[in-house]
Amino acid sequence: MTARMPVLLAGVTGVGSQDHQSSMWAPRLEAAGFFPAGVWSPPEEGERADAARRLAQSLDVSLSTEPSPPAVEGAVIACLRGEARARLLSTVPAGTAVLVDKPTLDATDELAHQLSGTSAQLLSGLHLAAHPSFTRVASAVRDGEIGLLRAVMVDLVVARGDGASPEGDLRNIGVHAADLLQRLTGPASVTIATASLASDQVTLLGQTDRDVVLSAHVSRIADGDGTVLARLRAVGSHGHVSVDLTAPALTVRTAHGTRSAGYGADSVTARLRQLRAIADGRRAGETAESWLSTSRLLDAVGESARSGASVTVEKSN
């Protein structure tokens, strides 16, 4: 049996009242082969101090509030933004496996600054990409099982949860759709033909320089928690495949209402297992350029929605 690996939980910052360390990553550490070695919450995060203390207490680990992160042995899960994220990425030892929760919450220029001084092995927290059904679709597209890729469609509906991001849900929720689209098309110039934005809704229609049509709809419903709908369809010249990224799940009905309860290996656990594989040297990390490419695509969606005109994002070198 493989020994569990220590992981530092760095920061509890997301958007609004999100605390993904407590709600997503920490509960699944053991299933992915990790154990919590400590919590670091930089002093700039004064408004998050109580959340960091609660997290450390719940895990029975020490809490550091020093300006710089403590020495790292193992991996890191970072829920940080701005300079705190830049400080972490620039100080971890070379080759350290670091999962960054939603790196593109920050603007493209800020993200580029954060990544410029790091030699970490990177993994984004965009966990839908680790869902077994999506990785199977990615293999089918890569291996030509459905012929030449012609179109990719993503529909993502989330429950109200803690409400729409104060900054809008393009970079908070819409990034999941953008990430899945780009993983299937690979490096490409993309023209966003039309886009629409509201605080809790994102739609887009686009096309790559290889004539692959892209479409996505992302929205938030009025109540509940969790992901309500996550469906993806890839169409090729010789076939198509459709998957439900909320499955496998059971519908649970009680006196209090109806909810969907997932079972089996969920996408968050699968993402953490990928982090462990990176830390063990069995898998390569993601590139800084791939994160910046996703961020630039989100910029284009926003620009198209504001201007009403098409916007092209050139293929990264």
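Helices (H or I, at least four residues) and strands (E, at least two) are DSSP runs, numbered from the N terminus. This is a predicted model, in which local features need pLDDT of at least 70 and side-chain atom pairs count only at pLDDT 80 or more, while totals for chains, interfaces and linings use all residues. Residues are numbered from 1 along each chain as its sequence is written, and side-chain values use heavy atoms, with hydrogens and water left out.

**Helix α6**

Begin by selecting residues 170–185, which form helix α6. Just after α6, Gly-186 has a positive phi of about 75°. Move back to His-176, where a kink of about 35° is centred (the bend at a residue is the angle between axes fitted to the seven residues ending there and the seven starting there). Of the 16 residues in α6, 14 are buried (under 20% relative accessible area, with exposed over 50% and partly exposed in between; 1.4 Å probe, protein chains only).

**The nonpolar cores**

Next, display the largest nonpolar core, a set of buried Ala, Val, Leu, Ile, Met, Phe, Trp, Tyr and Cys residues joined through side-chain atoms within 4.5 Å. This core has 41 residues, and those touching the most other members are Phe-134, Leu-149, Val-152, Leu-180, Leu-184, Ile-192 and Leu-232. Helix α6 gives the most to this core, with eight residues. Select Leu-184 and show its contacts (heavy atoms within 4.5 Å). Beyond four places in sequence, the partners of Leu-184 include Phe-134, Val-137, Leu-149, Val-152 and Leu-232. A second, separate core holds 26 residues, among them Trp-25, Phe-34, Ala-52 and Val-61.

**The seven-stranded sheet**

Now colour the open sheet that runs β12-β11-β7-β10-β9-β8-β15, with mixed pairing (two strands pair if DSSP finds at least two bridges between them). Its edge strands, each pairing on one side only, are β12 (239–244) and β15 (311–313).

Within this sheet, select β7 (residues 149–158); seven of its 10 residues are buried, so the strand is largely enclosed by the rest of the structure. Nine bridges join β7 to the antiparallel strand β11 (residues 227–236), and Val-158 stands opposite Thr-227 in β11. Strand β10 (residues 213–220) pairs with β7 in the parallel sense over eight bridges, with Val-154 opposite Ala-216 in β10.

Stay on β10 and pick Ser-219. Is Ser-219 buried or exposed? Ser-219 is buried, because its relative accessible area is 13%. Leaving out residues up to four places away in sequence, Ser-219 touches Leu-156, Val-157, Val-158, Asp-200 and Gln-201.

**The six-stranded sheet**

Turn to the open sheet with the order β3-β2-β1-β4-β5-β6, where pairing is parallel. The edge strands here are β3 (63–64) and β6 (121–124), each pairing on one side only. Strands β1 (residues 5–10) and β2 (residues 34–40) share six bridges in the parallel sense, and Met-5 stands opposite Phe-34 in β2.

**Helices α4 and α8**

Finally, select α4 (residues 108–116) and α8 (residues 288–307), whose axes come within 10 Å and cross at roughly 170° (axes are lines fitted to C-alpha atoms, for helices over the stretch in contact, and angles run from 0 to 180 degrees between N-to-C directions). The two helices are therefore roughly antiparallel (over 145 degrees; under 35 counts as roughly parallel, 65 to 115 as roughly perpendicular and the rest as oblique). At their interface, Thr-108, Leu-111, Ala-112 and Leu-115 in α4 meet residues of α8 including Trp-291, Leu-292 and Arg-296.
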